[in-house]
Amino acid sequence: MKINFLKLIVICLFVVFGVQVNAQSQMIRGVVTTFDSIAVIGAEIIVKSTKEIIKSDTLGQFTVKVNPGDQLKVQAKGFSSEKVKLEDNTKLVAVNLKLKPGEKSKEYAIGYGYVKDAEKLNAVAQLSNKDMDFSQYSDIYDLIRGRFAGVQVQSNGDIIIRGVNSITLSSAALIVVDGMTVDQSLLSSISPTNVKSINILKDGSSAIYGARGANGVVIIETKRGDDE
């Protein structure tokens, strides 16, 4: 009789514990993009605690169950993988995957169906310090002028992206440095040796910036402490 009673207690503890664990887990939603605005389809989202793998849908969106303090790993062929640490109050995550350097990565993104709108991706020109030595250029203007076809630098420092129709009075491209929009005059203070990557956006790829991006967008990412 005592043994049965002890078994009953153990079973009850397992049930209560199981209910608590289930109560702690939560569903979160997310979206996977590249170049901030292009949906990545079929990207793998891996949950660290459960090893569950799901894929982003045709809009780049996903829903997944996670545990407190969990971590997600997002990956797709041709892109650098990203890890996302989740807080207890996280409900929505936005993951922006970066293409690995080289044209082969762009071919993977299109060929494997990760990017449905190939024209948007082809409207993006990118250059990384892994592709070449930026230190051979005297300044950032020289680097942009010398490496991106169809991009002009005017005497006043404005960057003009040919093939982009302006709906504003100015024809200068929008400048974004480390995620912040800046005045073009700031570029003169950036040394090419401190630049990690440069992306030129035009057409639909710049739509996320609204009217400000109507003339195209120059996105510059500088090196951080852990970058070579």
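1. **The helix salt bridge.** In this predicted model, Asp142 forms a salt bridge with Arg145. Their closest N and O atoms are 3.9 Å apart. Both residues sit in helix H4, which covers residues 140-147. They are three residues apart, so about one helical turn separates them. Neither end is buried: Asp142 is partly exposed, with a relative accessible area of 26%. Arg145 is also partly exposed, at 43%.

2. **The strand salt bridge.** The structure holds two salt bridges. Besides the pair in H4, Lys98 forms one with Glu221. Here the closest N and O atoms are 2.8 Å apart. Lys98 belongs to strand S9 and Glu221 to strand S16. The pair therefore ties together parts that lie 123 residues apart in sequence. Is Glu221 buried or exposed? Glu221 counts as buried, at 17% relative accessibility, because the cut-off for buried is under 20%. Lys98 is partly exposed, with a relative accessible area of 39%.

3. **Where H4 sits.** H4 lies across three strands, S10, S15 and S16. Its angle to S15 is about 50°. S16 is also the strand that carries Glu221.

4. **The five-stranded sheet.** S10, S15 and S16 belong to an open sheet of five strands. The order is S10-S15-S16-S13-S14, and the pairing is mixed. S10 (124-128) and S14 stand at the edges. Each has a single partner strand, so one side of each is left without a neighbour in the sheet. Neighbouring strands are turned by 20° against each other on average, direction ignored.

5. **One pairing in that sheet.** S10 and S15 (residues 195-201) run antiparallel. Five bridges join them. To check the register, start from Gln126: its bridge partner in S15 is Asn199.

6. **The four-stranded sheet.** A further open sheet has four strands, in the order S4-S3-S6-S8. Its pairing is antiparallel. The edges are S4 and S8 (82-85). Each of these has a single partner strand, so one side of each lacks a neighbour in the sheet. The twist averages 25° from one strand to the next.

7. **One pairing in the four-stranded sheet.** S3 and S4 pair in the antiparallel sense over three bridges. Ile46 has Ile53 in S4 as its bridge partner.

8. **The loop after S3.** Lys51 lies in the loop between S3 and S4 (53-55). Its phi is near 65°, a positive value in a residue other than glycine. Most residues other than glycine have a negative phi. Lys51 is exposed, with a relative accessible area of 60%.

9. **The loop after S13.** Asp178 is found in the loop between S13 and S14 (180-182). Its phi is positive too, near 50°. Asp178 is partly exposed, with a relative accessible area of 36%. Both loops merit a look when going through the backbone.

10. **The largest nonpolar core.** This core has 32 residues. Which of them touch the most other members? They are Val32, Phe62, Val64, Leu72, Phe79 and Leu97. Seven strands each supply at least two residues: S1 (26-34), S3 (44-47), S5 (61-66), S6 (71-75), S9 (92-99), S13 (174-177) and S16 (217-222). The largest share, four residues, comes from S9.

11. **Leu97 and its neighbours.** Residues up to four places away in sequence are not counted here. Leu97 touches Val32, Thr33, Thr34, Phe35 and Val40, among others. The list also includes Val74, Ala76, Phe79, Ser80 and Glu82. Two of these, Val32 and Phe79, are named above among the core residues that touch the most other members.

12. **A second core.** Apart from the largest core lies another, of 23 residues. Among them are Val153, Ala173, Ile175 and Leu187.

13. **The chain overall.** The secondary structure comes to four helices and 16 strands. Of the 228 residues, 39% count as buried. Consider contacts between residues at least 6 apart in sequence: 57% of them join residues at least 24 apart. The chain exposes about 13,300 Å². Carbon and sulfur atoms supply 53% of that area.

Definitions and conventions
Residues numbered from 1 in each chain as written. Predicted model: local features only at pLDDT ≥ 70, side-chain atom pairs only at ≥ 80, totals over all residues. Heavy atoms only, no water. Core = buried A, V, L, I, M, F, W, Y, C linked by side-chain atoms within 4.5 Å. Buried < 20%, exposed > 50% of the residue type's maximum accessible area, 1.4 Å probe, protein only. Contact = heavy atoms within 4.5 Å. Salt bridge = Lys/Arg side-chain N within 4 Å of Asp/Glu carboxyl O. Areas by Shrake-Rupley, 256 points an atom, 1.4 Å probe, with all protein chains shown as cover. Pairing = 2+ DSSP bridges. Axes fitted to C-alpha atoms, helices over the stretch in contact; angles between N-to-C directions.
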